[in-house]
Amino acid sequence: MTPEKQRAIWAIYVWCRRTDELVDGPNASHITPEALDRWEERLEGIFDGKPVDMIDATLCDTLSRFPVDIQPFRDMIDGMRMDLVKPRYETFDELYEYCYRVAGTVGLMSMPIMGCDENFQGDVKKVYKAALALGLANQLTNILRDVGEDAQTRNRIYVPIEDLNRFGITEQEVLRGMFSPSTGKVDDRWVAFMKFQIERARQVFKDAEDGVNCLHKDARWPVWSALDVYRNILDAIEANGYNNFNQRAYVPKVEKFLMLPQSYLKAQKAQMH
Ligand SMILES: CC(C)=CCC/C(C)=C/CC/C(C)=C/CC/C(C)=C/COP(=O)(O)OP(=O)(O)O
């Protein structure tokens, strides 16, 4: 992307990272809803051209150059509020709402920076939907990768409880980790459950794919790369035998680099309708 777009994406990234640090960082244990209210007031200030520090100012600069809307930023803070009070998600719809707020929003924030292809003639809503889907798919992947860590360190279960029940799995089993006493491997019910979840996440990545080549030419390669690399975490979970209780699935750096040419080729295909 052009240096101007790179700086704008960076400013959005840093605002999101700081927002995430409020609930996930070293001081997360004493974060209160009031602190999030103050963070939201500070956000309003940024959109009014009144930054508190230099990093806020980078976002002000971005707002002066691109038509960015405040709503996804507010929605992300709402996602953080949700995370403070909600340790379980009963249905996929509930989880969807959370994933929209903490990750789908990132797609919506980035769209006005990246822009559509100059020859794009369809409905721009379609591209926004795909952008939201990429955030969603990334978040679902993140949740599947971190099941053990979230359960053990934060008493959080993000996967829908109704899905667990359907596969005959209890919350307690997730919190303990599900290993078969005879083989030491992950329980068969968990494998079946994970196959279902991974399939659903892959479906959402497909929804996202539909929009990537509608983006402006200079944004396609970075977005394909991000999509391909993050989706590969799902393959890594499979390769770990679906053990996401005490193993962290990741894509090694060399593998990431080796994927770049393939992502580049996908970005060259014109696919605008
Ligand atoms: C597809 C189209 C049309 C546009 C692209 C729109 C974009 C840029 C979408 C990206 C959305 C995105 C990057 C969401 C973030 C989701 C997410 C799960 C972030 C995880 O952050 P960390 O928790 O730091 O992850 P790691 O732990 O893996 O570092």
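Modeller: A quick definition to begin: a residue is near a molecule if its C-beta atom, placed from the backbone, lies within 6 Å of it. This is a predicted model, where local features need pLDDT of at least 70, side-chain atom pairs count only at pLDDT 80 or more, and totals for chains, interfaces and linings use all residues. Residues are numbered from 1 along each chain as its sequence is written.

Colleague: Thanks! Which residues come nearest the ligand?

Modeller: The ligand has 17 residues around it. Those that come nearest are Ala 103, Gly 107, Ala 131, Gly 135 and Gly 211.

Colleague: And which helix gives the most to the shell around the ligand?

Modeller: Helices here are DSSP runs (H or I, at least four residues), numbered from the N terminus. H5, H6 and H10 each supply at least two residues of the shell. The most, eight residues, come from H6.

Colleague: Nice. How far apart are the end C-alpha atoms of H10?

Modeller: Helix H10 covers residues 188-212, which is 25 residues. The expected span is 1.5 Å times one less than the number of residues, so H10 should span 36 Å. The end C-alpha atoms agree with that, being apart by 36 Å.

Colleague: Is Cys 116 buried or partly exposed?

Modeller: Cys 116 is found in the loop between helix H5 (92-114) and H6. A residue counts as buried with 20 or more other C-beta atoms within 10 Å of its own, exposed with 12 or fewer, and partly exposed in between, with C-beta atoms placed from the backbone. Cys 116 has 19 such atoms within 10 Å, so this residue is partly exposed.
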